[in-house]
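Reader: I have a model open and want to learn how to read it. Please take me through it feature by feature.

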There are 2 protein chains.
Amino acid sequence: MSEKMKNLAYYDGKIATIEEMQIPMTDRVCWFADGVYEATCTRNGVIYCLDDHIDRFYSSASMIRLDIPFKKDALKALLTDLLSRVDTSETGGEGLIYWQITRAAGVPRNHIFPKNGAKPNLWVIVTPRSLPDPFRTAKLISYEDIRYYICNIKTLCLLPNVLASQAAEDAGADECAQYRVNCDGFDRRVTEGAHTNLHCLKDGTFYTAPLDNLILPGIARKNLLRICSDLAIETKEVPFSLDFFRDADELMISSSSNFCIRVTHLDGAPVGGKDPGTLDRIRTALYADYLKATAQA
Amino acid sequence: MSEKMKNLAYYDGKIATIEEMQIPMTDRVCWFADGVYEATCTRNGVIYCLDDHIDRFYSSASMIRLDIPFKKDALKALLTDLLSRVDTSETGGEGLIYWQITRAAGVPRNHIFPKNGAKPNLWVIVTPRSLPDPFRTAKLISYEDIRYYICNIKTLCLLPNVLASQAAEDAGADECAQYRVNCDGFDRRVTEGAHTNLHCLKDGTFYTAPLDNLILPGIARKNLLRICSDLAIETKEVPFSLDFFRDADELMISSSSNFCIRVTHLDGAPVGGKDPGTLDRIRTALYADYLKATAQA
């Protein structure tokens, strides 16, 4: 077998390291962010929750009217093959895989879809990475959600998320609790983080925002709801206010590569810590799910 | 003098044709649409309204906390030099110039701003293009505005604009009249097009949406307001409803490379046509402004 790569970038059939990969300036990602993406963690050559991520990828693409020109099985096989080419021996077999599809390249800049022959381009990056401690904690800031109304689609229009993330970083925090002003009867309705979903526990019930156009249908969120059901923890997918979130017994963020992280501070003040037992059962079960799913290729 | 190019692409000091230019996959435009842009028309080696576009470019960059690492004069000189390298002899001396700046390249994908040494990258494209007939007409469709609340910043997060433009194209129209639902007391408040500003005439007064976070501060819009003042036409920068717009005496779209275009249809029905004299004075004056400003390099 040929030597493994330190990392891998794939663009439309071409393979190189991430540092070396070049892409055509005419790819519509360069002018319009015209594409959708996915990202998740990997271990032992297994892409965690691959089927869920593939389903969401095709769903996102469909919602922006981008026809992916290959079957789900072919994409899964390609991603798994690309992952196998990267050396994860120094990161305990763990890594990250990211992929995106953009509408076209090689056509003049024009808002409307290209008409003739231009086909979507697949991008993949694989990076070795040791999983950070899944039992670490996070600090949040509250932040007004000024994003578009298609947050259910995992598009590349992430500049507002970049600005929100940087605001958290500037405040010495890890993530934002974004809220919509005057939304669904709430002065400030919690939506999601800049790159995670938000949840909380109150009186033993797990609360998370409902699936609509204001949040991404997170795979970790879906897993958490299943785990709560398995653990006989009641769940409510309902809108809630920033005050409700702030006063909850426990606050959590989740994502595919961060699992379920306990929130200790919101806007500099301590929050949560009132139901550590339930929180631990949930986050331990999610981490165990990952370990089991990725035990062996 | 060396032979002129058929078109030109510039990226971070590198020059090639648009078709040949490659950019690093690590440019943050590829993951986050993390940048801002400008575009305008050119003639006789002159970039139309360059100072205005440069000012807005720096303003957009500032609002996304991107520090442009060179002075306005240096950028103006570079753009003018790059324009001079392109052959516009077959397009009556006319062309388009587009430029953007992205936050960084060569750093791992991470929402927060790169910390050490990563610098913004300038992109430019120059294309010969004969100006389309400035006295042509346009058809619009009404379209719900679902964009983010920083539409005053000319960012690369244009996928919603792409989808809106394609919806217009699918309907056999040229542009959208975007409206916000339940906004400022209006059921449907007109904002702007997918790539133009919107205006109308009613009882001899020129109406356009006020400058706020819902619309781009268009340079053509600014020129139109100045021209109306010169022509003693009253102007009102106020919110208005889709019904007000539909029933106006004349409806117009404007942009830097399209000037002021008369709208003849909205959602398939004829509109405007009730004050052609005022409309003609305005659009003729704007086109004359372009001809005068670009008469000679």
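Reader: By what turn and what shift can chain A be laid on chain B?

Author: Some ground rules come with the model. It is predicted, so local features need pLDDT of at least 70, side-chain atom pairs count only at pLDDT 80 or more, and totals for chains, interfaces and linings use all residues. Residues are numbered from 1 along each chain as its sequence is written, chains are lettered from A and ligands numbered from 1 in the order in which they are written, and side-chain values use heavy atoms, with hydrogens and water left out.

Author: Now the copies. They are superposed by least squares on the C-alpha atoms of residues with pLDDT of at least 70 in both. A turn of 180° and a shift of 0.0 Å along the axis lay chain A on chain B, with an RMSD of 0.0 Å. That is the relation of a two-fold axis.

Reader: Which residue of chain A comes closest to the rotation axis?

Author: Y148(A), with its C-alpha at 2.0 Å.

Reader: Through what surface do the copies meet?

Author: The same one, because 98% of the interface residues of chain A are also interface residues in chain B.

Reader: How do I read a helix such as α3(A)?

Author: Helices are DSSP runs of H or I, at least four residues, numbered from the N terminus. The expected span is 1.5 Å times one less than the number of residues. Helix α3 of chain A covers residues 72-84 and reaches 18 Å from first C-alpha to last, close to the 18 Å expected.

Reader: Which residues of α3(A) are buried?

Author: Buried means under 20% relative accessible area (1.4 Å probe, protein chains only). In α3(A), these are L75(A), L79(A), L82(A) and L83(A). Seen down the axis, they fall within an arc of 100°, so they line one face of the helix. The arc is that of the directions from the helix axis to the C-beta atoms.

Reader: Where is R103(A), and what does its side chain reach?

Author: R103(A) sits in the loop between β6 (94-102) and β7 (121-128) of chain A; strands are DSSP runs of E, at least two residues. R103(A) is buried, at a relative accessible area of 6%. A polar contact is a pair of N or O atoms within 3.5 Å; within protein, one must be able to donate a hydrogen and the other to accept it, and residues adjacent in sequence count only if both atoms are side-chain atoms. The R103(A) side chain makes one with the side chain of D34(A) (2.7 Å). The R103(A) side chain also reaches the backbone oxygen of I64(A) at 2.8 Å.

Notes: Buried < 20%, exposed > 50% of the residue type's maximum accessible area, 1.4 Å probe, protein only. Contact = heavy atoms within 4.5 Å.
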